[in-house]
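Let's take a friendly walk through this model, from a set of paired strands to the enclosed spaces inside. Please keep the structure open as you read.

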Amino acid sequence: MGPRILEPSAPDQAKEAQRADSCRSTATASLSLSSHESAEPPRVGRHQHRPRLGGPLPLLRPQEAAVERRHLPRAAPLGAPPRPFDPPLALRRFLPSVSWIPRAFRVTEDEILESSGLDALIVIRLFKFGIKFFLPCSLVGLVVLLPVNYNGQDGPPVDYLSMDSLAISNIRRGSDRLWVHFTCLWLMSVYGLYLLYKEYKEILGKRIHQLQIIRHRPDQFTVLVRGIPLCTDHKARGCSVDHFFSKHHPYSYHSYQMMYDGSHLENLLDQAKSTARKIEDLRKRSSVEKHKREFLLLCTNGEDSTKITLQEEKLQELSHRIHQLQCEDMLQDKELPVAFVIFKSRWGAALAAQSQQHSHPLLWTTEVAPEPRDVSWKNLAIPNRVLPLYKIGVILAATLLTIFFAVPVTAVQGIARFEKLKKWFPPAMAAQLIPGLSSIVTGYLPSVILNGFIYAIPFAMLGMAKLAGYVSKSKEELKACDMVFYFLVGNVFFLSLLSGSLLDEIGESVTHPKNVPSHLARAVSAQGDFFITYILTDGLSGFSLEILQPGLLLWDLIKSLTYRHGKEKEPYLYSLPYFRVIPVVSLAMLIGMVYALVVPLLVPFLICYFCLGYVVYINQITDVYAVTYETCGKYWPYIHHYILIAIILMQITMIGLFGLKSKPAASVCTVPLLLFSLLFHGYCKLRFYPTFRNYSIQDATEIDEFDKKSNQLELSSEIAKDSYCPPFLRPMNLAASESSSTVPLVSTSRSPA
């Protein structure tokens, strides 16, 4: 059964009417934006009434000032006194403060969902998943596994202080104590799969509920159509769109919005904006010099007036050329085989988006349209037939980057092994002359260097994803998220294992693939201390950098000292970097699951890692980052996949370890668990994933019926009609004195005649 929608009461109908008026005014106001601004600018959230969290660390106080400059004014809760802002250099900003921590724990999931959307909530649920999973695992590891490992040689270990004395490597070969690890493996795996199923089901319910809340969004009525042929009669693609959908979707088709090649028009708009800024700067400078000359009783210099006149003439000429290019006759020659088709109902849009429109699969291809603020307008010009080549090129580029990154990872692992480092680099022996320096060099320095290299990787992957031709920014970040995760698994996890303890066995692993589990098990048990240091480094430095935002503050400082020097600062907002946060946290989850049975001492550090991340990102989501798009939870299938990979790697590692410890019966009994995990993955893919990929006809019909009763259905489709106008066709407002000739002559969104 689908979700039930309550019948609208009289007060609800009044609220819906009020919402409709506000939507209508918003749609009208959106058409007056500048040519390169989106129809829906980045915003702090859908509601201004949300908790404001203070600065987490003493060094956050300066960053808090930068955040307040970026953020829009917020209304205080009803009845609460307004909170005064401190001056930028007030002493209180530099004093330590931990009051943000209890406030972060008081923020509920409903508040995050209401203010920042389901995508932001999924990041918080990822941290909560880590806490829920590793807390019982930590209790089992500390109470059960650590004593078993410590007494694994049927007596006290030789080295009391080494990591091996607390790891599974301390258990002698063929010991029956390994059945304890086998039992814990089954318990942890089944518990992890249960949590995954429960989370998937709950987030699916939240997604359906969220789609009801945002039911007036234009993308629910819109379909992106590509591969549009020319109309044989009128030699225009717009005419072909109207004829095709009027014939095949006569009862649900509403209108369409053609896309155009606006590269030349965008260049002219950039020149016009630059000229308008020059005029504004010249007027300000002329006004200042005029006051100075009047004060000194000097004659007025007419040089600035001449420059202003020339720039105004140039602006008028550019406006005239832009006006000509925005005419309907000129636009027809620039038509692309792409259009946004608007339907009268969500049912019609969902049906068109999920069905094949033509016997030729490359003609009239349809997909669900992204919301207007999420559209990557430039990628719409890429031909549909060429898109696979773009995506293959991006995959090859990401693979090459992964391969070349093996050089710094191998060097880092060389530093971690001091004996090999002395052989490769003899001057390193000087570190032994200073007490404690060699421990710092081999223990903490490799993780710091590795985290430094990794910091730039997500942004490089995002740049590659932008070249793949995706039609929305959210799809670009989803692809970047995928590439970053596999990059981290390949380089940080596997390559760290290979370069650390299996460097001499790579050839043997390639020629004898059946020995991979035992090789992996031997490598995992040898690299436990490195990954403990990595988790500590990533937790302390990574979350601290996330709080302080040094990159954004440095960029803001560079702009204020260079090309933005002396100019008024414009407010700016950044979105939550899902493509960086989700893969890094998922990698920590993978490391923790693989080592939960091998080195149980690592698990308590992971609990601290996830608790710290939970608090930090609640602060960032509610007080720093903006909502620039909302996919309604499409990140969760990726997270589910990453966690399942971690569980499967844990099981493969334990199969190899049982084999190394001469316990083949335990290895054989683990294989059914591995098969069960794979079957569970297939079931979840059939049970949950289709609802994340498509908009079900049942949900669309029920929401349509609800809107019909409140007379909102027709209004929502009318709003969608004007939401997908390309940026270069929107009215300009370069200057107050600019002529109205820059407004397009015709409406570019067409309805059927």
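## Strands, a helix and cavities

Leu 224 has Phe 340 of β3 as its bridge partner. Keep in mind that the model shown here is predicted. The pairing of Leu 224 belongs to a set of five bridges between strand β1 (residues 222-226) and β3, and these two strands run antiparallel. Strand β2 (residues 253-260) also pairs with β3 in an antiparallel way, here through six bridges. Within β3, Phe 343 sits opposite Tyr 253.

The two pairings can be set side by side:

| Strand | Partner | Bridges | Direction |
|---|---|---|---|
| β1 (residues 222-226) | β3 | five bridges | antiparallel |
| β2 (residues 253-260) | β3 | six bridges | antiparallel |

How many of the nine residues of β3 are buried? Eight are, which leaves this strand (residues 335-343) mostly covered.

Helix α28 (residues 713-721) is another element to look at: seven of its nine residues are buried, so the helix is largely enclosed by the rest of the structure. Among its buried residues are Leu 713, Leu 715, Ile 719 and Ala 720, along with Ser 716, Ser 717 and Lys 721.

Now for the empty space. Searching the whole structure turns up seven cavities of 30 Å³ or more, and the largest cavity holds about 80 Å³. Its lining includes Tyr 260, Asp 261, Leu 325, Lys 334 and Phe 728. Two or more lining residues come from each of α8 (263-295) and α10 (328-332). By character, the lining of the largest cavity consists of six nonpolar, two polar and two charged residues.

Conventions: Residues are numbered from 1 along each chain as its sequence is written. This is a predicted model: local features need pLDDT of at least 70, side-chain atom pairs count only at pLDDT 80 or more; totals for chains, interfaces and linings use all residues. Side-chain values use heavy atoms; hydrogens and water are left out. On a 1 Å grid over the protein atoms alone, a cavity is a set of points where a 1.4 Å probe fits but cannot get out, and a pocket is an open set with protein on both sides within 12 Å along at least five of seven lines; lining residues have an atom within 4 Å of a point. Grid points are joined across faces, edges and corners, and a volume is the space filled by probe spheres set on the points. Helices (H or I, at least four residues) and strands (E, at least two) are DSSP runs, numbered from the N terminus. Ala, Val, Leu, Ile, Met, Phe, Trp, Tyr, Cys and Pro count as nonpolar, Asp, Glu, Lys and Arg as charged, and the others, Gly among them, as polar. Buried means under 20% relative accessible area, exposed over 50%, partly exposed in between (1.4 Å probe, protein chains only). Two strands pair if DSSP finds at least two bridges between them.
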